[in-house]
Amino acid sequence: MAAPNIPLAKRSGLLVDLDRLASDGDDWLTPEDRYALKTHGICTQVQPGMFMIRVRIPGGQLTPDQARALADIGAQYGGDWIHVTTRQNIEFHNVAAQQAPAVLAATEAAGLTNRSACGHTMRNVMSCTDAGVGLDEPFDCLPDARMVSDAILARSAELNCTLPSRLNFTFGGCPRCAEHARVNDLGFESRVVGGRCGYRLWAGGSLGTMPVLAMPLREFVPRESVLPAAEALVDVFVAHGDFDNPKRARMKFLVAQLGEDGFRHAFDDAFIAAEARPHPAAAELDHVADANIDQILRSVPDGGWGSGVRPQRVAGLAMVTVNVPLGDLNGDDLRVLADVAETTRDGHLNLTRNQNVQYRDVPIARVGQVRKMLATRHLSFIGADAATDVRVCTGSSVCSLGITDSPSVGIRLTKNPALERNASLRVHISGCPNSCAQHQMGDIGFSGAKVRIGGRTQLGYHMYLGADVGAGKLAQVVGRVGEDNVDNALEAVIGGWEALRAWGETFADTLERIGIEAFAAHLSSITDGFEPGDDELGDAEHFADAVAVGT
């Protein structure tokens with residue numbers, strides 16, 4: 001399939017005839033038409049005549065009725081497959097071309113939208129699911145995240161034609177959120193300064209084939225200025241980004257072009273202009289109670305505390321996280337998850353960046369009841385956000401950019417004994433270099449590719465080790481491994497770490513002390529189908545056009 005001329009498509013207004021798509025299917029679509037469909041959340045699959053359709057879930061929060069509506073849409077149009085993404089969205093796959101407009105209509109009827117879910121748009125605005133209730137979150141950032149999402153999405157008809165590339169926003173203040181702020185185009189890290197709630201602002205982070213950590217833009221922006229700050233960043237991007245060269249259009253390239261001081265100066269000017277415009281007032285926030293850990297831990301839920309059942313700031317309430325293996329659900333699963341939400345005080349389902357579902361404000365006396373409700377669909381808290389809760393994308397089975405079938409590898413690794421022994425490890429598997437599963441953020445990451453091992457080209461993975469984003473380090477490539485040898489390579493790495501780690505060391509700590517070359521030598525000596533080094537350059541060149549398309 002020919003690559004679209006994206007600047008031409010955007011200058012032409014991104015018009016596409018959805019009525020004709022419904023009546024005639026997709027054979028008539030030009031490459032530019034297919035790009036325009038992305039701005040409606042409709043992406044071509046590898047299967048002819050089939051599409052993936054993405055639903056925006058700002059901040060990842062759903063009402064039970066919205067969840068049931070999505071369950072019905074998936075059952076009717078998407079083969080009863082509902083996928084939770086690492087950006088807190090929902091995806092339907094295997095939607096026939098003629099049914100795609102009906103999915104958009106059904107999504108809108110549920111009070112949701114597919115608008116700007118793909119392409120060179122403002123993508124979903126993510127928010128920490130612990131915000132407002134978790135011990136590490138200073139306040140609830142979800143209202144601010146949704147306000148930014150609503151305000152910029154309202155300008156999508158204009159912005160989707162003028163943005164040089166896509167923009168990813170994230171909000172949150174816990175340690176994991178601080179990491180995510182550094183790998184997104186725009187990061188709002190929640191903090192309290194002098195009794196005022198606001199954000200440390202980061203800009204220009206990105207993963208993919210050329211990963212870059214974000215620059216610190218401002219140490220503090222008060223909540224009442226969060227929308228002008230977001231608008232200013234968009235304005236700088238539109239004014240100075242490389243619109244005509246999509247391969248070099250992400251915000252990270254603009255930061256490199258202007259330099260940090262130049263980018264900061266451009267932002268300051270745009271921020272002054274944005275603050276002079278009228279904006280809605282920031283939402284009132286409920287007081288965040290001081291956490292009395294002694295009192296909190298005197299109350300124990302049925303089954304005790306764990307990674308899937310964690311205490312909130314208010315004694316007697318829990319955050320409950322349901323392990324959704326590989327992020328995949330069917331309609332009946334989602335309906336039961338909606339039923340569970342109605343038993344909580346919060347009353348919502350919250351999609352997490354680990355492709356799970358979290359509930360807030362669950363009275364600990366009801367944890368046993370929630371466990372029984374989930375068991376009817378073979379769902380559980382067990383392993384949620386732990387090592388065997390492997391993060392994956394959908395891979396080559398449906399994605400037109402996928403090289404490897406990452407979910408099949410993920411299924412194998414969820415049963416891996418080495419991961420079962422080490423619950424703190426994070427394993428991320430992407431089916432191509434575009435990093436939809438954020439493989440550069442894992443303790444152990446795999447990026448799907450055609451790799452050359454022993455002089456033979458085969459399907460496999462580049463293996464990444466040792467991310468410590470808080471310390472400013474993304475995972476490094478240790479080597480490449482054949483698809484059938486991923487399990488052995490993972491066990492060898494974890495076994496080496498278990499043998500070498502000092503007391504209390506994280507995986508990244510040990511890697512820093514021992515050196516990645518030692519791990520590469522260890523893998524080479526005991527693992528068939530592994531070769532040290534990085535032959536990823538060819539894949540990076542191959543994927544330059546794919547990155548530009550804006551998946």
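Biologist: Why does Asp468 count as partly exposed?

Modeller: Keep in mind that this is a predicted model. Asp468 has 23% relative accessibility, while buried means under 20% and exposed means over 50%. Its value falls in between, so Asp468 counts as partly exposed. You will find Asp468 in the loop between strand E19 (456-465) and strand E20 (476-482). The C-alpha atoms of Asp468 and Gln440 are 9.7 Å apart, with their positions 28 residues apart along the chain.

Biologist: What makes E20 largely enclosed by the rest of the structure?

Modeller: The count of buried residues decides that: five of the seven in E20 are buried, so the strand is largely enclosed. E20 also has strand partners. Six antiparallel bridges pair E20 with E19, and Tyr464 has Val477 in E20 as its bridge partner. Three antiparallel bridges pair E20 with strand E21 (residues 530-532), where Pro532 stands opposite Gly479.

Biologist: How do you know that strand E2 and strand E5 pair?

Modeller: Pairing requires at least two bridges, and five bridges join E2 (residues 50-55) to E5 (residues 90-96). The bridge count therefore meets the requirement, and E2 and E5 pair. The two run antiparallel, and Phe92 in E5 is the bridge partner of Ile53.

Biologist: Which sheet holds E2 and E5, and why are E1 and E13 called edge strands?

Modeller: They belong to an open sheet of five strands, paired antiparallel in the order E1-E2-E5-E4-E13. Strand E1 (42-44) and strand E13 (328-329) are the edge strands, each pairing on one side only.

Biologist: Now the cysteines. Why is there no bond between Cys128 and Cys177?

Modeller: The sulfur of Cys128 has its closest cysteine sulfur in Cys177, at 3.5 Å. A disulfide needs the two sulfur atoms within 2.5 Å, so this pair is too far apart for a bond. The structure holds zero disulfides. Cys161 is in none either: its nearest cysteine sulfur, in Cys118, is 16 Å away.

Biologist: Are Cys128 and Cys161 buried or exposed, and what makes them so?

Modeller: Cys128 has 7% relative accessibility and Cys161 has 17%. Buried means under 20%, so Cys128 counts as buried, and so does Cys161.

Biologist: What makes Arg68 and Asp339 a salt bridge?

Modeller: Their N to O distance is 2.8 Å, and the cut-off is 4 Å. The distance is within the cut-off, so the pair counts as one. The structure holds 33 salt bridges. This one links distant parts of the chain, with Arg68 in helix H4 (residues 64-77) and Asp339 in helix H12 (residues 331-341), 271 residues apart. Arg68 is partly exposed at 22% relative accessibility, and Asp339 is partly exposed at 33%.

Biologist: How do you know that Asp235 forms a salt bridge with Arg155?

Modeller: Their closest N and O atoms are 4.0 Å apart, which the cut-off of within 4 Å admits. Asp235 lies in helix H9 (residues 226-240) and Arg155 in the loop between H6 and helix H7 (156-159), so the pair ties together parts 80 residues apart in sequence. Asp235 meets Arg277 in a salt bridge too, at 3.3 Å from N to O. Arg277 sits in the loop between helix H10 (251-275) and helix H11 (293-297), 42 residues from Asp235. A network of salt bridges links Arg155, Glu158, Glu231, Asp235 and Arg277.

Biologist: What makes the side chains of Glu505 and Thr510 a polar contact?

Modeller: They come to 2.8 Å, and the cut-off is 3.5 Å. Glu505 is in the loop between helix H16 (486-500) and helix H17 (507-514). At 17% relative accessibility, Glu505 counts as buried.

Biologist: Last one: which residues form a nonpolar patch with Leu135 on the surface?

Modeller: Ile293 and Leu297 join Leu135 there, and together the three have about 230 Å² of accessible area. Patch members need over 30% relative accessible area, and Leu135 has 33%. Leu135 counts as partly exposed, and its place is in the loop between strand E6 (122-127) and helix H6 (142-153).

Conventions. Residues are numbered from 1 along each chain as its sequence is written. This is a predicted model: local features need pLDDT of at least 70, side-chain atom pairs count only at pLDDT 80 or more; totals for chains, interfaces and linings use all residues. Side-chain values use heavy atoms; hydrogens and water are left out. Patches are made of residues with over 30% relative accessible area and no salt bridge: like charges are joined within 9 Å, nonpolar side chains (Val, Leu, Ile, Met, Phe, Trp, Tyr) within 5 Å. Accessible areas come from the Shrake-Rupley method with a 1.4 Å probe; for residues, only the protein chains shown count as cover. A salt bridge is a side-chain nitrogen of Lys or Arg within 4 Å of a carboxyl oxygen of Asp or Glu. Helices (H or I, at least four residues) and strands (E, at least two) are DSSP runs, numbered from the N terminus. Buried means under 20% relative accessible area, exposed over 50%, partly exposed in between (1.4 Å probe, protein chains only). A polar contact is a pair of N or O atoms within 3.5 Å; within protein, one must be able to donate a hydrogen and the other to accept it, and residues adjacent in sequence count only if both atoms are side-chain atoms.
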